[in-house]
Each structure stands twice: as C-alpha cells, then as structure tokens.
Amino acid sequence: MSCTFCGGNVKQDKTEYIEKQGNYIVVIKNVPCEKCEQCGEVYFSNEVVQVIEKILDTIQYISSELTVTVIDYANNKVA
Ligand SMILES: [Zn+2]
C-alpha cells in the first residue's frame, strides 16, 4: 500500500486517536494504524475503526467541566 496523498511508503505503526466532544476529550493510546513515512498521514483499517467506535460508544460525553479520558487500545474491553 502507498499513501493516497503523496505516494510515499506506508508502514505498520501505532498512534494515538483523539476524539473531542464538547468538554470531553477521549485519548485512545496504542491504536494500530498504517502511517506514511513521507508525510505522516495515518490510515486505520475498518476493523480498527469499528473498535474505536465501540470504545467511544461506551463512554458518556456528558460533563460540565473539561474531562480527559485515556484508554489503551490493547487493554480495552470491547476489542
Ligand atoms: Zn504520504
């Protein structure tokens, strides 16, 4: 696979996925991805995207103050 943006080499890597919802920030660590060596563009497989969505579904975003939740992809219960 090559990068759709710059055509560079894409290799297996891990990244942090950050989702912001109002005052709520969710950080998922160690998310498997493919990353362009040239421009740094990150690609997620459909399977990984589904797991991320499940993780986000289990989290309640209702908060009046800024809340940051950090989850490790490898240790989450829905994977
Ligand atoms: Zn690229």
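**View 1. The hairpin of strand 1 and strand 2, with the bridge partners I18 and V27.** In this predicted model, I18 has its bridge partner in strand 2, namely V27, where strands are DSSP runs of E with at least two residues and helices are runs of H or I with at least four residues, both numbered from the N terminus. Strand 1 and strand 2 pair in the antiparallel sense over eleven bridges, pairing being assigned if DSSP finds at least two bridges between two strands. Two residues lie between the strands of this hairpin, and G22 takes a positive phi near 60° there. A positive phi of about 60° is also found at N30, although N30 is not a glycine. N30 is located in strand 2 and is partly exposed, with 15 other C-beta atoms within 10 Å; on this scale a residue is buried if 20 or more other C-beta atoms lie within 10 Å of its own, exposed if 12 or fewer, and partly exposed in between, the C-beta atoms being placed from the backbone.

**View 2. Helix 1 and its two sides.** Helix 1, residues 46-57, has twelve residues and reaches 16 Å from its first C-alpha to its last, close to the 16 Å expected at 1.5 Å a residue, the expected span being 1.5 Å times one less than the number of residues. Which residues of helix 1 are buried? They are V51, I52 and I55. Seen down the axis of helix 1, the buried residues fall within an arc of 100°, so they line one face of the helix; the arc is that of the directions from the helix axis to the C-beta atoms. N46, V49, E53 and D57, on the other side of helix 1, are exposed. The cover over the buried residues of helix 1 includes strand 1 (10-21), strand 2 (24-36) and strand 4 (67-72).

**View 3. The largest nonpolar core.** Nine residues make up this core: Y17, I28, V31, C33, V51, I52, I55, I71 and Y73. A nonpolar core is a set of buried Ala, Val, Leu, Ile, Met, Phe, Trp, Tyr and Cys residues joined through C-beta atoms within 7 Å. Strand 2 and helix 1 each supply at least two residues of the core. Not counting residues up to four places away in sequence, Y17 touches I28, V31 and I52, two residues being in contact if their C-beta atoms, placed from the backbone, lie within 7 Å. I71, found in strand 4, counts as buried with 21 C-beta neighbours inside 10 Å. With residues up to four places away in sequence left out, I71 touches V26, I28, K29, I55 and N76.

**View 4. N9, in the segment before strand 1.** Is N9 buried or exposed? N9 is exposed, with 12 other C-beta atoms within 10 Å. Leaving aside residues up to four places away in sequence, N9 touches S2, E37 and Q38. The C-alpha atoms of N9 and G40, which are 31 residues apart along the chain, are separated by 9.9 Å.

**View 5. The chain as the setting of the close-ups.** The chain has one helix and four strands, which follow the pattern β-β-β-α-β along the sequence. Of its 79 residues, 13% count as buried.

**Notes.** Residues are numbered from 1 along each chain as its sequence is written. Because the model is predicted, local features need pLDDT of at least 70 and side-chain atom pairs count only at pLDDT 80 or more, while totals for chains, interfaces and linings use all residues.
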